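Biologist: I have a model open and plenty of labels I'd like to challenge. Can you walk me through how they are earned?

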Amino acid sequence: MGRDITLGQYYPTDSIIHRLDPRVKLLGTLIYLVSLFVFNGIVGFIVASVALFGVIFISGIPLGYVLRGIKGVYILVIITAVFNIFFTSGTPLVVAGTLVISKEGVQLAILMSIRIIYLVMGASVMTLSTTPGNLAAGLEKGLSFLKVFGVPVHDFAMMMTIALRFIPILMEEADKIKKAQMSRGADFDAKNLIKRAKSYVPILVPLFVSAFRRANDLSVAMESRCYQGKGTARLNPLIYQKSDLIAYIVIAAYFAGIIVTRALAVTH
């Protein structure tokens, strides 16, 4: 179970993507996620695909490792596809009584499924190529302008860091609890959905207890060290390098390309 969750994990390797400033990767990921819902047509899909798989190749992260994250959202992909197929009006392809499957529904289902899969893969690449500490530093530095409006940027960045760190820990804990319950005769493969749902209750209860216990231990540790989130300094402060500026130019060119492909698709 835990091996299929890539979000929040870090894949250590030496690559250009890993060495980029976290602010560049955060902005690049945000631009990419936005572009997934902007592109329209086969050309935009090709551009988004080339960008995603190109970054994965340059990062040195195995494609199979990135694809693991899709297993955690396959149910969401299926539900999204089904809703789009059966609830989108258009040119009928299959008619069975009141059930109508339209051409537009099938196209939209495929498009939305691709967008969700690419969204998960894009977010996974960012976390796999950035340590939680650098990710928090980049988030805090990038959103520092919000301090003028009284937004507690440091606290927000710290919460995001803790949440990302806890994802693989809790998944590993859930896997251990599941194996312990299976050794006691619990059946997690029952065909009856109600029975299968009930079988997961013995996992959720101790998992929540463990999560609250870990959170309490963490808060006690932070308080015992007089952590206040103010006046802290980084050993290695974030400084833009030449490669970061080049990456910004590539990101801007990519988004401009997506906008152009959408405009061309609309005109045709």
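**Salt bridges and what lies around them**

Modeller: Let's start with E172 and K176, whose side chains meet in a salt bridge at 3.9 Å, N to O. Keep in mind that this is a predicted model.

Biologist: Why is the pair E172 and K176 called a salt bridge?

Modeller: The cut-off is a Lys or Arg side-chain nitrogen within 4 Å of an Asp or Glu carboxyl oxygen. E172 and K176 come in at 3.9 Å, so the pair counts. Both residues lie in helix 8 (residues 153-183), four residues apart, about one turn of the helix.

Biologist: And what makes E172 partly exposed?

Modeller: Its relative accessible area is 46%. Buried means under 20% and exposed means over 50%, so E172 falls in between and is called partly exposed.

Biologist: What about R214 and E173: how do you know that they form a salt bridge?

Modeller: Their N to O distance is 3.2 Å, which is within 4 Å, so they qualify as well. This pair links distant parts of the chain, with R214 in helix 10 (residues 201-224) and E173 in helix 8, 41 residues apart.

Biologist: Are R214 and E173 buried or exposed, or something in between?

Modeller: E173 has 17% relative accessibility, under the 20% limit, so it counts as buried. R214 has 31%, which lies between 20% and 50%, so it is partly exposed.

Biologist: How many salt bridges does the structure hold?

Modeller: Five. One of them joins D21 and R23, with the closest N and O atoms 2.9 Å apart. D21 and R23 are both buried.

**Around R23**

Biologist: Why is R23 called buried?

Modeller: Its relative accessibility is 12%, and the limit is 20%, so R23 counts as buried. R23 is placed in helix 2 (residues 22-36).

Biologist: Which residues does R23 touch, not counting those up to four places away in sequence?

Modeller: G138, K141, G142, L238, I239, Y240 and Y248.

Biologist: What makes you say that the charged end of R23 sits over the ring of Y240?

Modeller: The distance is 4.0 Å from the ring's centre, and the cut-off is 6 Å, so the distance test is met. There is an angle test too, within 35 degrees of the ring normal. R23 is listed as sitting over the Y240 ring.

**Rings and a nonpolar patch**

Biologist: Which residues form an aromatic cluster?

Modeller: F45, F53 and Y118 form one. A search of the whole structure finds five aromatic pairs.

Biologist: Which residues make up the nonpolar patch on the surface?

Modeller: Y74, I75, I78, I79, V82, F83, F86, F87 and L99, with about 900 Å² of accessible area together. Helix 5 (residues 74-86) gives the most, with seven residues. L99, on the other hand, is in strand 2 (residues 99-102).

Biologist: What makes L99 eligible for a patch?

Modeller: Patch residues need over 30% relative accessible area, and L99 has 40%, so L99 passes that test. The same 40% lies between 20% and 50%, which means L99 is called partly exposed.

**V55 and Y65**

Biologist: Why is V55 called partly exposed?

Modeller: Its relative accessible area is 33%, between the 20% and 50% limits, so that is the label it gets. V55 is found in helix 3 (residues 42-59). Leaving aside neighbours within four places in sequence, V55 is in contact with I17 and V125. V55 and M126 are 71 residues apart in sequence, and their C-alpha atoms are 10.0 Å apart in space.

Biologist: Is Y65 buried or exposed?

Modeller: Buried: 17% relative accessibility is under 20%, so Y65 meets the limit. Y65 is in helix 4 (residues 63-67). Y65 and V125 are 60 residues apart in sequence and 9.7 Å apart, C-alpha to C-alpha.

**The whole chain**

Biologist: How many helices and strands are there in the protein?

Modeller: Eleven helices and two strands, in the order α-α-α-α-α-β-β-α-α-α-α-α-α along the sequence. Buried residues make up 34% of the 268 residues. The protein exposes about 16,600 Å², and carbon and sulfur atoms supply 69% of that.

How values were computed
Residues numbered from 1 in each chain as written. Predicted model: local features only at pLDDT ≥ 70, side-chain atom pairs only at ≥ 80, totals over all residues. Heavy atoms only, no water. Patch = residues over 30% accessible without salt bridge, like charges linked within 9 Å, V, L, I, M, F, W, Y side chains within 5 Å. Areas by Shrake-Rupley, 256 points an atom, 1.4 Å probe, with all protein chains shown as cover. Buried < 20%, exposed > 50% of the residue type's maximum accessible area, 1.4 Å probe, protein only. Phe/Tyr/Trp six-rings, centres within 6.5 Å; stacked < 30°, edge-to-face > 60°. Contact = heavy atoms within 4.5 Å.
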